[in-house]
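Dear colleague,

Please find the structure below. My notes on it follow.

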Amino acid sequence: MRVLSFLAAISSLIAAASAVEPADPRIALDSAFPDAKSGKPFAGELILVEHVTRRGILRLDRDGTINKYFWDLPHHFQMLPYAAINLHGAPASFEDLPLGTHLHGVFYLGPEGDFQVKPPETGYDASKMANPDLRSIVSQYSRVLTLEDDFSYHQKRGEGWKITAFGPDKSNVTVERVLLANGSAVKDASDGIKSTQVLHLDPGTRIWKGREIAALEDLNVGQIVQLNLTWAMLYASMKEDGLCRDIWIDAASRETAVKQQRQIYIAQQKRLGMPGLILKTEPIPGQGSSGYITVALPAGIDAELMDAIKPKTGLDLWPVEPNLRHWGSYGSGGIEEVTRIENPPAGHSGVQIKLRFYEMLEGFRAGRTVRMMIRVPNVKGRPSEDYPRELSLYPNDTRIFHVGPTPVAGREKEPEAPKK
């Protein structure tokens, strides 16, 4: 009997382990980091933001990969719980992204059975109404691992844009993609972004110089700038390639933008907690409800917050939904050890922490998401007033949405693996 029990336990563990392995490596699960090479890049204008559920809609670029009959159809997406966002060259939260921002992202397939639009099989069908359900034909790539604005995208690659010419009354500007280090042209880039572009300007274009707001008159030929676009996909078939909304014309203005956004992110994460993915839980024999939890820190967390994660530091953990909304319950524990792994998967920072808890919570399970908050000395827990009401699912959800997955706590029990 003991042998049979042992074999049954082993088979259940194998079934549990295989349950987090997607059938297709292009699928990204909330409960595990995805395959680094299977993500698909898309760029487009952010036209809808639902920051509470971390969902949104992009209008994808007209970059030549999508048939013109399907241009501008809305691309619905859901942020993965460990997704990284960058704005103005610094980490950001989803609610920091303004509508109309042109974003670059890495997208994965959603769970099997997720929404998908199949393109018509004949040219005749394609010449008619694109899709009556108004979804992008690549809508199956709905899970987002990274999002970043143009500033962040090019700054991270050590690139900028050199002004080479202006149109009448500076109504447009011609820019060339260059390296920030020496100003040499970037040619044959593999991301499909043209090396030379003509960008539309209008009186609403914001010009940043040092710590001040400048004007169009401060733009000059030869300057190497960073910029953010909007309406980029709507102008792609016309003379101008996009509408330029922000231009940073010197290093000081770029440093100021990075510093300001970074401080906004750090302050928010200290107040609301950093996300983490539970990799493993271990009960402590003979210690009642005590146990160990191993948590992976997602990539994209600011270095200042990462440096504060040290052994013997106290942490409060809130079990949360994949959209990072919580139920109000939290557990207090202490960091036993901090380890770094080589070649982490996509979305993983490479840092893992092992914590000890004297009382394990129901939400502390492998594959679940948590918010982590460094405990402040002489302060017990956190007052509920620290949380925006829309982030809390308990006691009353003050914002009701009819979109998105059912909360984990409200889902039906998963079917048990067949016995062998």
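**A buried arginine with positive phi**

At 10% relative accessibility, R54 counts as buried, because the cut-off for that class is under 20%. This residue sits in the loop that links β1 (40-50) to β2 (55-60). Its phi is near 55 degrees, a positive value in a residue other than glycine. Most residues other than glycine have a negative phi.

The model is a predicted one, so a word on confidence belongs here. The protein chain has an average pLDDT of 84, and 78% of the residues score at least 70. Over residues 1-19 pLDDT stays under 50. For that segment the model has one contact beyond four places in sequence.

**The core around M79**

R54 is one of the residues in contact with M79, once neighbours within four places in sequence are left aside. The others are I85, F94, V144 and L147. M79 itself belongs to the largest nonpolar core, which has 34 residues. F77, M79, L97 and L147 have the most contacts inside this core. Two or more residues each come from β1, β2, β3 (74-87), β5 (102-108) and β6 (143-149). The largest share, seven residues, is that of β3.

Apart from this core lies another, of 21 residues. Among them are M274, L317, I335 and M372.

**Strand pairing at β6**

β6 is mostly covered, with six of its seven residues buried. Which strands pair with β6, and in what sense? β3 pairs with β6 in the parallel sense, over five bridges. β5 and β6 run antiparallel and are joined by six bridges. On the β3 and β6 pairing, Q78 has R143 in β6 as its bridge partner. F107 stands opposite V144 in β6, and V144 is also among the contacts of M79.

**A second positive phi**

L324 is not a glycine either, yet its phi is positive, at about 75 degrees. L324 is found in the loop between β16 (314-320) and β17 (331-340). Is L324 buried or exposed? With a relative accessible area of 6%, L324 is buried, since buried means under 20%.

To recap, R54 and L324 each have a positive phi, and each lies in a loop between two strands. R54 is in contact with M79, one of the residues with the most contacts inside the largest nonpolar core.

Regards

Conventions
Residues numbered from 1 in each chain as written. Predicted model: local features only at pLDDT ≥ 70, side-chain atom pairs only at ≥ 80, totals over all residues. Heavy atoms only, no water. Helix = DSSP H or I, 4+ residues; strand = E, 2+ residues; numbered from the N terminus. Buried < 20%, exposed > 50% of the residue type's maximum accessible area, 1.4 Å probe, protein only. pLDDT = per-residue confidence, 0-100. Contact = heavy atoms within 4.5 Å. Core = buried A, V, L, I, M, F, W, Y, C linked by side-chain atoms within 4.5 Å. Pairing = 2+ DSSP bridges.
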